[in-house]
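Reader: Please walk me through a structure, feature by feature. I want cut-offs along with the results.

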Amino acid sequence: MNYIKNLYVITPFKGNDIERLKTTIFSLKKLKVGFNINHLVIHYKSKFESIEKIKSFKKTKTYNLIPIVIKKQGIYIAINKGLDYLRNDDSYIVLGSGDILKLENNKKIYLLKEDITLLNYKLSNNKKTKLFRNKFSGMPYCHNAIIFKNNSLRYSTKYKISSDYEYFMNYIKTKKIELENCKNKINYEIKMIFEAELGISSNSIFRKNFENLLICFKYFGLKGVFFNLINKLFNIFFK
């Protein structure tokens, strides 16, 4: 069996909230894993003191922090910069500042190197959420709980919110992965705890819905637009 030897974790870091970043770093350091974790912290708009603080975090036997400074702003620009650092077929996952990985038991784990691996996840505020969502309504699975293999694909910077959805649909199309089969690829040994964001503006919700609709049309045509709108109406009137 082909196991992952190096897992790259890409964390876009905007600003100077070191405490949230520390939460992510310490969770990775504590993991008992049979592979190396190379943590790429891609930061922008950070003060000099924050950059120096990031550089000061110590390595461990399995954890290595690699800070990368970029001048251009944007989460997807930062992720793409991280992907450019990787070689083809390197395994990677994107974690936001404040997200954590946690073992479900105290046993040392190994991960098979596959085109896609989904990790079990939950929201940090313990709000209930379905692991899989309708593919016509947006990103079907939490983006920060997916291990991909790096290739020539990159995240589109023309989307401000939904580029992860576009990347995912492009990825499974390129790799010829059936979405239904992904449900059999969830790893329950590791749980990703997603830092729940609060206070999303109505403007952001509108933009996200609009971008999802554009992406839905791109990959599913008019059928996708129809089911996207049906799902929206269902959520409005029955939830």
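Author: Start with a pocket lining. By class, the second largest pocket is lined by seven nonpolar, one polar and six charged residues. Ala, Val, Leu, Ile, Met, Phe, Trp, Tyr, Cys and Pro count as nonpolar, Asp, Glu, Lys and Arg as charged, and the others, Gly among them, as polar.

Reader: What kind of model is this, and how are residues numbered?

Author: The model is predicted: local features need pLDDT of at least 70, side-chain atom pairs count only at pLDDT 80 or more, and totals for chains, interfaces and linings use all residues. Residues are numbered from 1 along each chain as its sequence is written, and side-chain values use heavy atoms, with hydrogens and water left out.

Reader: How is a pocket found, and how much space lies in the second largest pocket?

Author: Rolling a probe the size of a water molecule over the atoms shows where empty space is left. On a 1 Å grid over the protein atoms alone, a pocket is an open set of points where a 1.4 Å probe fits, with protein on both sides within 12 Å along at least five of seven lines. Lining residues have an atom within 4 Å of a point. Grid points are joined across faces, edges and corners, and a volume is the space filled by probe spheres set on the points. Here that space is about 320 Å³. The lining has 14 residues, and K135, M169, I172, L179 and F220 are the closest to the centre.

Reader: Which element gives the most to that lining?

Author: Helix 4 does, with three residues. The elements giving two or more are helix 4 (163-174), helix 5 (179-182) and helix 6 (202-238). Helices (H or I, at least four residues) and strands (E, at least two) are DSSP runs, numbered from the N terminus.

Reader: Now the sheet. What is the strand order?

Author: Strands of a sheet pair through backbone hydrogen bonds, either parallel or antiparallel. Two strands pair if DSSP finds at least two bridges between them. This open sheet of eight strands runs 3-2-1-4-7-6-8-5, with mixed pairing. Strand 3 and strand 5 (100-103) are the edges, each pairing on one side only.

Reader: How many bridges join strand 7 to strand 4 and to strand 6?

Author: Strand 4 (residues 91-94) and strand 7 are antiparallel, joined by two bridges. S91 has K149 as its partner in strand 7. Strand 6 (residues 116-123) is also antiparallel to strand 7, over three bridges. There, T117 faces I147. Strand 6 runs parallel to strand 8 (residues 186-194), with six bridges. L119 stands opposite N187 in that pair.

Reader: Are the faces of strand 7 covered or open?

Author: In a regular strand the side chains alternate between the two faces of the sheet. Both faces of strand 7 (residues 146-149) are covered. I146 and F148 on one side are buried, as are I147 and K149 on the other. Buried means under 20% relative accessible area, exposed over 50%, partly exposed in between (1.4 Å probe, protein chains only).

Reader: Why does C216 count as buried, and G74 as partly exposed?

Author: C216 counts as buried because its relative accessibility is 0%. C216 sits in helix 6. Beyond four places in sequence, C216 touches F136, Y165, G221, G224, V225 and N228; contact means heavy atoms within 4.5 Å. G74 counts as partly exposed because its relative accessibility is 23%. G74 lies in the loop between strand 3 (63-69) and helix 3 (75-85).
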